[in-house]
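Reader: I'd like a close look at one part of this model, the part the predictor trusts least, and then how the rest of the chain fits around that picture. Could you walk me through it?

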Amino acid sequence: FVLSGFILYYVYANESEQETALANPRRFYVARVARIAPAYYLSLLISAPALIYDAFVSHITPTAVFFCSIVLVPTLLQAWYPQNLAAWNPPSWSLSVEALFYLSFPVVFRAGNRISPYKFFSFSVCALILCEGIRGALRVAMGVDTAMDDGAGRQLESAPAFLLFFPVFHISSFLFGLGLARLHLFGMLPASLNSWLFPCAACGTVLLLCFRTELPSFFLSNITLVPLFGAVILGGA
């Protein structure tokens, strides 16, 4: 999601592309659909026999979940009702979240261009802290710990699924990527970062993933991961 924000701004910072996103959002939306729809619907077609088998032969998937899935998944709404994420091509939940980003991008792009890159990036950091604070408070209230639970390959309990996959909780990651792209494109970062940022961030990411089972859950929250992934992306750029 950080990369998505970074790349979208990087592409649409070009003046001709800005015209597409700002003056004619419909063209932007059509371009986004053309980019993701063919592979997305092909993946659903390939995985449909497994969904049908699980629902009507092995009975692993409840019938109600099956019928919800055939409505929600093709319309990219599955992340808004995340109890059903495991029923049909579970990794596709991320595109349901991306759909929210695409829908909001022309508005966010226009608003972001009215303030300085530093202010926009500061806003994205505040949004990240706020989102994670709300999610942390909800975790405590619900008595769950979702940090180590990837949950993608099985039927999910409603509370952890909501906290992990609900699209609104991820929009701050997208804004963070947008903010990084603006800092990068407008030359707002010191040149001395270029030589060491990528190797240090990449090594940090590898170490974190290697030792993820040994670390406190804080290190696997977006508060840690989003800046780390952002540093990898910025360093690579």
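Author: Sure. This is a predicted model, and the stretch to start with is residues 148-156, where pLDDT stays under 50. Even so, the model gives residues 148-156 21 contacts beyond four places in sequence. Don't lean on those contacts too hard: where pLDDT is low, the predicted coordinates should not be read in detail.

Now set that stretch against the chain as a whole. The mean pLDDT of the chain is 87, and 90% of its residues reach 70 or more. Among the helices, confidence bottoms out in α2 (residues 15-23), with a mean of 65, and it peaks in α8, at 94. So which kinds of secondary structure are we dealing with, and how many of each? The chain has 10 helices and zero strands, and reading from the N terminus you simply get α-α-α-α-α-α-α-α-α-α.

What about the overall shape? The C-alpha atoms fill a box of roughly 60 × 45 × 30 Å along the principal axes. The radius of gyration is 19 Å, which agrees with the value near 18 Å that a compact globule of 237 residues would have. Of those 237 residues, 43% count as buried. Looking at contacts with a separation of 6 or more, 72% of them come from residues 24 or more positions apart.

From there, the second largest pocket is a good place to zoom in. Its volume is about 270 Å³, and 16 residues line it. Val33, Ile36, Leu76, Ala99 and Tyr102 are the ones nearest the centre of this pocket. Both α3 (25-56) and α5 (93-112) supply at least two residues of the lining, with α3 giving the most, at seven residues. As for chemistry, the lining has 13 nonpolar, two polar and one charged residues.

Leu76 deserves a second look, as one of the residues nearest the centre of that pocket. Leu76 sits in the loop between α4 (63-72) and α5. It counts as buried because its relative accessibility is 16%, below the 20% cut-off. The backbone is a bit unusual here too: most residues other than glycine have a negative phi. Leu76, however, has a positive phi, near 60°.

Two other residues share that loop. Asn89 is in the loop between α4 and α5, and its phi is also positive, near 50°. Pro82 belongs to the loop between α4 and α5 as well. Is Pro82 buried or exposed? With a relative accessible area of 4%, Pro82 is buried. The C-alpha atoms of Pro82 and Arg212 are separated by 24 Å, and these two residues are 130 residues apart along the chain.

Last stop, Ser192, which lies in the loop between α8 (171-185) and α9 (193-210). A relative accessible area of 48% makes Ser192 partly exposed, since the exposed class only begins over 50%. Ser192 and Leu3 are 189 residues apart along the chain, and their C-alpha atoms are separated by 22 Å.

Key
Residues numbered from 1 in each chain as written. Predicted model: local features only at pLDDT ≥ 70, side-chain atom pairs only at ≥ 80, totals over all residues. Heavy atoms only, no water. Helix = DSSP H or I, 4+ residues; strand = E, 2+ residues; numbered from the N terminus. Buried < 20%, exposed > 50% of the residue type's maximum accessible area, 1.4 Å probe, protein only. 1 Å grid on protein atoms, 1.4 Å probe; cavity = no way out; pocket = protein on both sides within 12 Å on 5 of 7 lines; lining within 4 Å. Points joined across faces, edges and corners; volume = space filled by probe spheres on them. Nonpolar A, V, L, I, M, F, W, Y, C, P; charged D, E, K, R; others polar. pLDDT = per-residue confidence, 0-100. Contact = heavy atoms within 4.5 Å. Rg over C-alpha atoms; globule rule 2.2 N^0.38 Å.
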